[in-house]
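Here is a short briefing to read alongside the sequence and the model. It starts with the whole chain and then turns to selected parts.

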Amino acid sequence: SGFNSIGHMDTMLRRRHHIGHCKEGEEFIQNVFHVLFLLFSEKEKSNLSICWLQYEISKVVQCLQAKNKKKLKAQGRKSKKLAKNLLKAPDNRNHLSLWKLYAYLEWLLGNIDDARKVFDTALCMAGTGGLQSPQLCSLSLLYAQLEAELLESIEGAVKSRAVHILTKLAESGPYVPYSGQVLSVNVLKARKTYEHAVQDYFTKTPVSDQDQVSDTNQLVNLVGCYTLFQYLTVGIDAAVLIYAQTLEKLEALGPQKYENTGENFGIQNFPTVLEAVTLLHTNLLRFHMKISVYPLNPLREALTEALKRYPSNQSLWRSYIHIQRKSHSANKARRFFDGVTRSTGSLEPWLFAIQAEQMRKKLTENIQRADVGEIHSTIPETGLTNRIVALFEHAIQSENGAHCPLLWRMYLNFLV
């Protein structure tokens with residue numbers, strides 16, 4: 001009985017409860033991790049530790065989405081205990097990726113000050129690799145992104161903790177925790193350093209296949225740090241310009257080098273550099289729209305272009321559905337979904353097209369059932385129901401759809 005819910009479906013409700021991680025399935029997964037730990041060598045153990053902690057973080061995120069405070073508290077205690085035990089292992093003490101995940105876990109649990117201490121400790125311990133160190137770049141980028149999200153507006157962001165972190169990274173010296181001020185001269189020096197680092201990346205000789213994954217990750221982190229730095233110190237237009245220039249250069253270098261990185265290593269769903277940079281771009285636009293007034297069109301255009309290229313990217317689809325909910329006309333989105341489903345074998349466009357229509361149906365029903373004086377309107381919205389059924393029918397006729405348990409379950413659930 002433990003296995004049926006392991007591939008849990010967040011999209012469905014079972015009575016009042018979301019299907020989550022059921023007890024027997026959870027025990028099974030924990031046992032797998034414990035057994036594998038005994039079999040693996042040191043480097044593999046570190047990678048397994050990262051997977052385990054990422055899995056724990058996914059459960060914390062689920063509790064946050066369900067807004068279940070009691071469950072979040074209990075889950076937080078378990079996850080923190082595991083994180084501390086993993087970091088105690090001799091091989092993991094200096095493992096920056098694990099420190100990064102532990103700090104992120106504390107941040108998600110709302111312990112901002114504790115998370116900052118963990119981030120600062122990790123940065124002090126990381127040494128002086130600066131922009132040359134992929135792990136240090138990745139750690140600084142996450143820390144700066146989380147700090148930037150706390151800002152209520154971009155005014156005065158130059159003096160923020162996020163700018164301090166990104167400036168220190170560019171200096172390549174020992175890290176000093178934030179003391180409440182960032183010197184203008186240091187900001188100017190850091191801007192030049194970032195600019196040269198990105199230029200140098202594109203002019204250097206190509207690396208061997210073995211180093212390519214870490215090398216391409218490094219470019220994504222470098223561009224992420226530079227654009228966030230420009231965004232906080234100059235503004236959104238300066239940041240968008242860097243993304244445009246980077247994408248242009250990547251496309252000029254030819255798709256082969258940056259599109260097939262995953263195939264050589266047997267890594268499925270390995271995001272291409274272009275895809276990862278596009279994701280950073282759309283996320284920044286979404287964040288900027290949240291804290292200030294900015295037109296929707298640049299984000300919509302960026303998302304539609306990206307989704308034509310990467311129809312399997314779930315994060316991009318989520319963003320697309322999120323912005324389409326604000327639009328009163330569904331036709332443009334429907335035409336777009338239709339175009340993408342015709343041109344790709346991926347199942348994601350079908351699943352998200354169905355989800356978008358189901359959200360629309362729910363919204364319509366809520367409005368129709370609202371009390372209007374003495375009249376209670378209960379006319380069912382049959383048009384949307386028929387459209388959703390048609391989408392399900394088309395999706396299960398595709399090769400991937402016919403073999404997707406989630407799709408069949410969603411269809412049965414909808415018909416019920």
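**The chain as a whole**

The secondary structure of this chain, as seen in a predicted model, consists of 19 helices and 2 strands. The chain has 416 residues, and 45% of them count as buried. The points below begin with overall figures and then take up two helices and a cavity.

**Contacts and surface**

- When contacts in the chain with a separation of 6 or more are considered, 60% of them are accounted for by residues that stand 24 or more positions apart.
- The chain has an accessible surface of about 23,200 Å², and carbon and sulfur atoms hold 54% of that surface.

**Helix H3 and its two sides**

- Helix H3 runs over residues 69–88, and because each of its 20 residues is taken at 1.5 Å, the helix should span 28 Å, which agrees with the 28 Å that separates its end C-alpha atoms.
- The buried residues of H3 are Leu-72, Gln-75, Gly-76, Ser-79, Leu-82, Ala-83, Leu-86 and Leu-87.
- Viewed down the axis of H3, these buried residues fall within an arc of 140 degrees, and therefore they line one face of the helix.
- Lys-70, Lys-73, Arg-77, Lys-78, Lys-81 and Lys-88, by contrast, are exposed on the other side of H3.
- The partners against which the buried residues of H3 pack are helix H1 (23–39), helix H2 (42–66) and helix H4 (96–108).

**Helix H12**

- For helix H12, which covers residues 273–291, a rise of 1.5 Å for each of the 19 residues leads to an expected span of 27 Å, and the end C-alpha atoms lie 28 Å apart, which agrees.
- Of the 19 residues in H12, 14 are buried, so this helix is largely enclosed by the rest of the structure.

**The cavity**

- Rolling a probe the size of a water molecule over the atoms shows where empty space is left.
- In this structure there is 1 cavity of 30 Å³ or more, and the largest cavity contains about 90 Å³ of space.
- The lining of the largest cavity is made up of 13 residues, and those that lie nearest its centre are Leu-136, Lys-168, Leu-169, Gly-173 and Tyr-175.
- Two elements, helix H6 (134–149) and helix H7 (161–171), each give two or more residues to this lining, and H7 gives the most, with 3 residues.

Definitions and conventions
Residues numbered from 1 in each chain as written. Predicted model: local features only at pLDDT ≥ 70, side-chain atom pairs only at ≥ 80, totals over all residues. Heavy atoms only, no water. Helix = DSSP H or I, 4+ residues; strand = E, 2+ residues; numbered from the N terminus. Buried < 20%, exposed > 50% of the residue type's maximum accessible area, 1.4 Å probe, protein only. Contact = heavy atoms within 4.5 Å. Areas by Shrake-Rupley, 256 points an atom, 1.4 Å probe, with all protein chains shown as cover. Expected span 1.5 Å × (residues − 1). Arc of directions from axis to C-beta. 1 Å grid on protein atoms, 1.4 Å probe; cavity = no way out; pocket = protein on both sides within 12 Å on 5 of 7 lines; lining within 4 Å. Points joined across faces, edges and corners; volume = space filled by probe spheres on them.
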